[in-house]
Amino acid sequence: MTGSPDIRACVIGFPITHSRSPQLHTYWLDQYGIDGCYAAESIAPDGLPDFLLSVKQDAAGYCGGNATIPHKEALLALADKADATARILGAANTFWSEHGALHVSNTDTYGFLANLDAAVPQWDRRPADISRKAVVLGAGGAARAIVFGLISRGFTEIVLANRTLSRAEKLVGHFAAAAEQQNCRLLPLTLADAEAALVHTDLLVNATSLGMVGQDELEISLTRLPVSAVVTDIVYTPLQTGLLSAAQGRGNRTVDGLGMLLHQAVPGFERWFGIRPQVTEALHRHMLQDL
Ligand code: NAP
């Protein structure tokens, strides 16, 4: 048996029934023979402060957990200590109690980058004197984590295309200083103008909820996208979205969104249970059974 006996972590959200996190963490707990559990807790927004206080005071039975909609911003606001990524993104998805203090982190940027690193090694490598351009569709919480990751990986131009232009502009404003420091140009656009921006693009990301089961399809012509570009969709239900099919059909390398979900969970599991878990093909297959 590995680790302390009966370590307990959880995911909190409202509602919480849709969360795949218990299935994922329970797989790792079984695989590594850890005497612990990972539960789902439905916590309404007005119950969040009390719940987190009980985690800090060791009264909830949990050493930490993940937070999903609608708690990510409130979790950061209620934390005693936040890591740099959570502070920069303005939201947290991972928490743990340490010496009576509530610590939080945001692992979405890590998950996005680690998924691409695993699926397309060297996806972000080009000679230092050659520009690297990404087009990110969407300007919500996920797009924020992705833009931060792309700035940190040295992209020189990032186009942010969103249905609501003002939200894209706000996101560009949020990262203006960080982008300038890295010599990265950020450009806000409407989603309708995204097609024209695909020329010379190295990476296309769908970070909207379009293409997801129950949502409208993402309508975008890829005609201007270089065939050398990598295309990734963070929507993972369905795994093979219309965007990925269209991109594959014309010869682009594609990366689905399930890997981001799996990789973003790694740092939390290591923090609570003391082992850095592996994201394997077997884990992908396990999670696909229930998608
Ligand atoms: P969010 O903050 O609610 O943002 C939603 C984004 O989708 C916004 O840019 C929004 O545009 C756009 N959108 C929604 N409906 C649209 C429509 N009908 N037409 C055009 N644009 C539309 O959500 P989020 O947290 O960023 O998540 C976005 C998607 O990524 C979700 O499907 C989520 O499940 C998925 N996700 C996946 C992972 C993963 O690990 N793979 C992680 C996080 C999120 P407006 O600003 O104009 O409303």
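Q: What is the volume of the second largest pocket?
A: This is a predicted model, in which local features need pLDDT of at least 70, side-chain atom pairs count only at pLDDT 80 or more, and totals for chains, interfaces and linings use all residues. Residues are numbered from 1 along each chain as its sequence is written, and side-chain values use heavy atoms, with hydrogens and water left out. A pocket is an open set of points on a 1 Å grid over the protein atoms alone, where a 1.4 Å probe fits, with protein on both sides within 12 Å along at least five of seven lines. A volume is the space filled by probe spheres set on the points, and for the second largest pocket the value is about 160 Å³.

Q: Which helix gives the largest share of the lining of the second largest pocket?
A: Lining residues have an atom within 4 Å of a point, and here they include Asn115, Ala118 and Ala119. Helices (H or I, at least four residues) and strands (E, at least two) are DSSP runs, numbered from the N terminus. Both α5 (108–119) and α12 (281–288) supply at least two lining residues. The largest share, three residues, comes from α5.

Q: Why does the largest pocket lie between two domains, and which are they?
A: The largest pocket has a volume of about 1800 Å³. Among the 49 residues that line the largest pocket, the closest to its centre are Ile69, Lys72, Gly141, Ala142 and Ile234. Domain bounds come from an automatic or database domain assignment. The pocket lies between the two domains because both give residues to its lining: domain 1 (7–107 + 265–288) and domain 2 (110–257).

Q: Which element gives the most residues to the lining of the largest pocket?
A: Several elements, including β3 (64–67), α3 (72–78) and α6 (141–152), each supply at least two residues of this lining. The greatest contribution, five residues, is that of α6.

Q: Is strand β7 largely enclosed or exposed?
A: Buried means under 20% relative accessible area, exposed over 50%, and partly exposed in between (1.4 Å probe, protein chains only). Lys133, Val135 and Leu137 point one way from β7, Ala134 and Val136 point the other way, and all are buried. Because five of the five residues of β7 (residues 133–137) are buried, the strand is largely enclosed.

Q: In β10, which residue is the bridge partner of Leu137?
A: Two strands pair if DSSP finds at least two bridges between them. β7 pairs in the parallel sense with β10 (residues 203–206) over four bridges. Within β10, the bridge partner of Leu137 is Asn206.
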